[in-house]
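Visitor: Hi, could you walk me through this one? I'd like to start with the strands and then move inside.

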Amino acid sequence: MIGQLHAIVIDCPNPPELADFYGKLLSLSRLEDTPEFVVLGTTAGTEVVAFQRVHDFRPPQWSVPDHPQQMHIDVMVADLDVAEPQVLALGATLLDGSDKPVGYRVYADPVGHPFCLVTPLE
């Protein structure tokens, strides 16, 4: 082993706002909170995801090579049809839908980063 995952850091224009979205989506608490940098996790010392301010942030665009997605997070859910209205209410935007109850759907967070809701394969 070379190392261990410490944190995933996501560039964004407003760290406190985007941290609110992901905190609710992933049931995480704030471990560090400043206007420039916010860290979310489950307990002190277990950073999971962090958000840093980028003043000239350019949002990614799904499936557009000139604006690459930069990163994305897969979020496991039991039922896409139950989870979808919940993430939309948090401020997500549906990018690539599916009428299938098993699989995935692609969304954008409030600043444009794509993320997927995924279900276990049966």
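**Strands, rings and core**

Guide: Happy to. This is a predicted model. Let's begin with one residue: R30 has L40, in β3, as its bridge partner.

Visitor: How do β2 and β3 pair, parallel or antiparallel?

Guide: They run antiparallel, and 4 bridges join β2 and β3.

Visitor: And which strands make up the open sheet?

Guide: There are 4 strands in the open sheet, ordered β1-β4-β3-β2, with mixed pairing. The edges are taken by β1 and β2 (29-33), each having a single partner strand, so each has one side without a neighbour in the sheet. On average, neighbouring strands of this sheet are turned by 25 degrees against each other, direction ignored.

Visitor: Okay, now the inside. Which residues touch the most other members of the largest nonpolar core?

Guide: That core has 26 residues, and L18, Y22, L40, F51, F115 and L117 are the ones touching the most other members. So L40, the partner of R30 we started with, turns up here too.

Visitor: Which element gives the most to this core?

Guide: That is α1, which gives 5 residues. Other elements that give two or more residues include β1 (8-12), β3 (37-41), β4 (47-53) and β8.

Visitor: I see some aromatics in there. How many aromatic pairs are there?

Guide: The count is 5 aromatic pairs. One of them is F21 with Y22, an edge-to-face pair with 5.0 Å centre to centre and 85 degrees between the planes. F21 and Y22 are both buried.

Visitor: What about F21 and F115, how are their rings arranged?

Guide: Their ring centres are 5.7 Å apart and the planes are at 65 degrees; over 60 counts as edge-to-face, so this pair is edge-to-face. F21 sits in helix α1 (residues 15-26) and F115 in strand β8 (residues 114-118), so the pair ties together parts that are 94 residues apart in sequence. Both F21 and F115 are buried.

Visitor: Which residues do the ring pairs link into a cluster?

Guide: F21, Y22, F51, Y107 and F115 are linked that way. Y22, F51 and F115 are also among the residues with the most contacts to other core members.

Visitor: Switching topic, since I'm thinking about cysteines. How many disulfides does the structure hold?

Guide: It holds 0 disulfides.

Visitor: Is C12 buried or exposed?

Guide: C12 is at 0% relative accessibility, so it counts as buried. C116 has a relative accessible area of 7%; under 20% means buried, so C116 is buried as well.

Visitor: Great, thanks for the tour!

Technical notes
Residues are numbered from 1 along each chain as its sequence is written. This is a predicted model: local features need pLDDT of at least 70, side-chain atom pairs count only at pLDDT 80 or more; totals for chains, interfaces and linings use all residues. Side-chain values use heavy atoms; hydrogens and water are left out. Rings of Phe, Tyr and Trp (its six-membered ring) pair if their centres lie within 6.5 Å; planes under 30 degrees apart count as stacked, over 60 as edge-to-face and the rest as tilted. Buried means under 20% relative accessible area, exposed over 50%, partly exposed in between (1.4 Å probe, protein chains only). A nonpolar core is a set of buried Ala, Val, Leu, Ile, Met, Phe, Trp, Tyr and Cys residues joined through side-chain atoms within 4.5 Å. A disulfide is a pair of cysteine sulfur atoms within 2.5 Å. Two strands pair if DSSP finds at least two bridges between them. Axes are lines fitted to C-alpha atoms, for helices over the stretch in contact, and angles run from 0 to 180 degrees between N-to-C directions.
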